[in-house]
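Me: I am new to this structure and would like a close look at a single part of it, followed outward into its surroundings. Please take it slowly, in one connected account.

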Number of protein chains: 2
Amino acid sequence: MATKKETRENHVSAQRLEAMGSSIVKEIQAGKSPKFVTLARTRSNVHFDTKEGYLKLGAAQEERDFLNFAQTKRFMQTVAVAAKCHKFVKENLHTTIRGLFYQLKFSLGEDVDENIFSEQSESNPLIEDIEVALNLKREDLNLNANRKGVLAGNMKVMDTFGNERLEIDCSRQGRSGWAIPSDVDNDIEFVDVKAKYVLVVEKDALWQRLNEDGLWKKENCILITPQGQAARGTRRLIRKLADNGLPVYVFTDSDAWGWYIYWTIKTGSINLAYIGEDVATPEAKFLGVTMSDLDKYDFLNKMTMHASEVDLKRAQEMLNYQWINKSKEWVTELERMIKSKKKLEQDALQGPRLTFVDDYIREKVKNKEYLP
Amino acid sequence: MATKKETRENHVSAQRLEAMGSSIVKEIQAGKSPKFVTLARTRSNVHFDTKEGYLKLGAAQEERDFLNFAQTKRFMQTVAVAAKCHKFVKENLHTTIRGLFYQLKFSLGEDVDENIFSEQSESNPLIEDIEVALNLKREDLNLNANRKGVLAGNMKVMDTFGNERLEIDCSRQGRSGWAIPSDVDNDIEFVDVKAKYVLVVEKDALWQRLNEDGLWKKENCILITPQGQAARGTRRLIRKLADNGLPVYVFTDSDAWGWYIYWTIKTGSINLAYIGEDVATPEAKFLGVTMSDLDKYDFLNKMTMHASEVDLKRAQEMLNYQWINKSKEWVTELERMIKSKKKLEQDALQGPRLTFVDDYIREKVKNKEYLP
């Protein structure tokens with residue numbers, strides 16, 4: 001698959017971290033106060049790029065100046081985090097921000113009087129600072145994020161374990177599926193992707209249902225579940241599969257949470273706007289379930305649930321987003337929930353028979369019945 | 001692996017469900033009010049079996065009588081659930097209790113006036129009733145439970161997909177590991193289990209750390225993470241591996257949540273006391289982290305966290321359980337937390353270097369340094 005970072009580019013991560021260090025040293029040698037410049041990840045610097053179709057960071061910069069008393073501590077912390085990441089990259093070992101936190105606690109406790117990393121909440125934003133400043137993802141800094149999500153379909157994963165290259169056939173993972181890792185860029189490749197489209201199913205329970213029916217085999221699709229809200233690795237993988245030319249269809253509940261999952265996959269999120277380009281898939285379409293399914297499938301009218309206050313509030317909020325309310329179909333969907341105070345779960349499609357959900361999906365894909 | 005239910009025994013499930021139905025029909029034909037008898041899953045009927053070492057149900061029975069007005073609705077619901085499960089087993093298709101709930105909603109809405117399954121909370125206990133009455137697990141009734149947990153090690157899984165038998169090599173799953181399914185009994189086998197012991201690591205983050213180091217390869221162990229509290233499938237798999245003669249070591253945080261994870265794996269839980277024998281592993285030992293690690297590894301004293309109110313309360317509660325307070329080591333552990341108001345995370349072992357945690361585990365296993 002042609003993507004920006006296909007193979008291990010530890011040397012790139014190391015180089016950028018070293019360049020950051022060198023520039024600080026040079027400033028000091030020139031008698032200047034060392035600075036660290038990154039993009040501001042404040043809400044006001046996040047905007048929806050109408051042309052690209054996802055949330056991204058603006059150009060507003062944030063500067064951290066060592067000799068500015070208010071910024072000294074944070075400057076020092078940033079350098080400490082960068083040094084640790086450099087070490088991890090050089091060692092070719094991975095950890096999490098929790099592991100990084102304990103390493104900082106361990107070494108800084110020896111070198112400095114003050115325990116400057118007493119809470120992990122202090123180290124998280126610093127990592128994001130470095131990700132943005134160096135145009136690297138934390139996965140490139142050998143920091144694993146939480147992983148979640150499972151995949152089955154006609155494609156192979158070339159993974160690396162120690163010095164060994166492993167081939168994992170995603171069509172031979174049985175009931176389990178292939179567990180999507182945190183990092184789907186470094187030392188890993190996706191080959192023989194023979195599927196026609198990607199189907200993302202909100203719930204693992206329904207993924208198991210569809211996997212058992214061999215839907216991905218019959219339809220020749222890649223069947224993914226993010227197991228709820230998609231983790232970074234799953235979002236990134238969906239982006240990479242879309243880069244590979246596959247259409248992406250998302251299938252969730254018709255409620256606040258389901259919609260949130262869809263829009264996060266499609267447009268990214270405010271928190272991850274700084275890597276929006278890498279994780280958003282604006283090409284994604286919403287397959288269902290929809291409130292208008294109620295007109296098409298009569299039995300579903302017996303299957304609705306009461307929309308909660310959260311659902312109704314969220315629907316109202318979504319109507320205010322210009323990238324949502326520009327779509328007539330979405331406005332109809334949202335207004336219908338608000339008016340009827342009803343919602344619908346994807347599981348309800350198992351009502352008439354367990355395999356009904358397969359037919360529902362097949363028909364929607366065939367007739368291109370999806371929302372933008 | 002020699003276990004009680006090795007291969008697909010759908011016919012057993014179907015037979016027991018049919019026997020339940022026949023007995024009801026016979027009672028009706030004999031002019032009697034049909035009855036459904038199961039074991040009471042009330043707290044008072046759960047006890048700790050000192051000899052066996054796990055929580056199990058007592059002998060107290062619960063009877064549901066069709067002509068007892070207060071029990072009629074529940075009786076009818078139980079029969080409806082049993083009929084649906086029988087259908088799933090016959091179809092050889094799986095769903096979840098949510099899928100079952102919607103099937104009941106669908107069909108009973110047609111047959112009866114009253115919508116007796118408006119809330120899923122009504123269908124859950126009925127499934128447990130049937131599990132207990134028929135001595136089957138819900139997985140045997142083709143109902144998937146939530147799944148969670150990942151495994152790597154020298155063993156193979158023989159799984160079934162459609163009509164195909166698949167071999168999944170758990171030593172060739174790369175960074176992902178093999179995702180532990182809901183059902184590890186039916187149509188699935190574990191073969192070539194060549195490992196020397198099972199290591200259960202609370203956090204997925206640390207599992208990834210140890211997997212990257214190839215700990216399971218170097219130590220020849222089966223490396224499992226339940227990803228927090230262990231799901232039914234993971235507990236059952238640990239039980240099966242113990243049945244296979246492997247010692248089981250559990251490695252968690254030294255806090256309320258970590259201890260809870262350990263004791264649930266070891267002694268089962270009140271909720272699942274009705275299948276205690278199938279999911280509890282009384283042979284399991286607690287490897288760490290322990291408060292006494294603070295004496296052995298000086299740096300850990302810099303890594304402690306403040307114990308929360310929940311931690312302290314839980315420690316106090318555990319001191320009241322006779323199967324815990326009979327162990328001098330556990331009493332020392334718990335009292336030490338209560339006194340110091342400190343706790344310790346397993347991640348802290350990454351402080352000195354990322355691979356320190358490997359050495360910690362190796363040494364503990366080698367020296368048999370674990371708590372009962």
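Reply: In this predicted model, A:Val289 sits in the loop that runs between β13 (285–288) and α10 (293–296) of chain A. The peptide bond leading into this residue, from A:Gly288 to A:Val289, is cis, and its omega is near -5°. Chain B has a counterpart to look at, for there the bond from B:Gly288 to B:Val289 is cis with omega near -5°, and B:Val289 is placed in the loop between β13 (285–288) and α10 (293–296) of chain B.

Other loops of chain A hold backbone features of another kind. A:Asp192, in the loop between β9 (189–191) and β10 (197–201) of chain A, has a phi near 50°, which is a positive value in a residue other than glycine. Because 14 other C-beta atoms lie within 10 Å of A:Asp192, this residue counts as partly exposed. A:Lys341, found in the loop between α13 and β15 (342–343) of chain A, likewise is not a glycine and yet has a positive phi, of about 55°. With 13 other C-beta atoms within 10 Å, A:Lys341 is therefore partly exposed.

The helix α13 named with that loop, residues 328–340 of chain A, packs with helix α11 (residues 309–318) of chain A at an angle of about 145°, the two axes being 9 Å apart. The crossing in which α11(A) passes α13(A) is left-handed. On the side of α11(A), the residues that take part are A:Asp311, A:Leu312, A:Ala315, A:Gln316 and A:Met318, and they meet A:Leu334, A:Met337 and A:Ile338 in α13(A). Sorted by class, this contact has 6 nonpolar, 1 polar and 1 charged residues.

At the level of the whole chain, the domain assignment gives chain A a domain 1 (10–141) and a domain 2 (150–366). The centres of these two domains of chain A, taken over C-alpha atoms, are separated by 33 Å, and the contact takes 17 residues from domain 1 and 17 residues from domain 2. On the side of domain 1 that touches domain 2, the elements of chain A giving two or more residues are β2 (46–49), β3 (54–57) and α4 (120–134), with β3(A) giving the most, 4 residues. The residues on that side of domain 1 divide into 7 nonpolar, 1 polar and 9 charged.

Chain A also meets chain B, with 44 residues of chain A in contact with 44 residues of chain B. On the side of chain A that touches chain B, two or more residues each come from α3 (97–111), β6 (156–161), β7 (164–169), β8 (178–179) and α5 (204–212) of chain A, and the largest share, 7 residues, comes from α3(A). By class, the residues on this side of chain A are 16 nonpolar, 17 polar and 11 charged.

Within chain B, one helix can be followed in detail. Helix α8 (residues 256–267) of chain B has 12 residues, which at 1.5 Å a residue should span 16 Å, and its end C-alpha atoms are indeed 16 Å apart. Since 10 of the 12 residues of α8(B) are buried, this helix is largely enclosed by the rest of the structure. Among the buried residues of α8(B) are B:Trp259, B:Tyr262, B:Trp263 and B:Lys266. After α8(B) comes B:Gly268, whose phi is positive, near 80°.

Technical notes:
Residues are numbered from 1 along each chain as its sequence is written. Chains are lettered from A and ligands numbered from 1 in the order in which they are written. This is a predicted model: local features need pLDDT of at least 70, side-chain atom pairs count only at pLDDT 80 or more; totals for chains, interfaces and linings use all residues. Axes are lines fitted to C-alpha atoms, for helices over the stretch in contact, and angles run from 0 to 180 degrees between N-to-C directions. A crossing is left-handed if the near helix is turned anticlockwise from the far one by less than a right angle, and right-handed if clockwise. Two residues are in contact if their C-beta atoms, placed from the backbone, lie within 7 Å. Ala, Val, Leu, Ile, Met, Phe, Trp, Tyr, Cys and Pro count as nonpolar, Asp, Glu, Lys and Arg as charged, and the others, Gly among them, as polar. The expected span of a helix is 1.5 Å times one less than its number of residues. A residue is buried if 20 or more other C-beta atoms lie within 10 Å of its own, exposed if 12 or fewer, and partly exposed in between; C-beta atoms are placed from the backbone. Domain bounds come from an automatic or database domain assignment.
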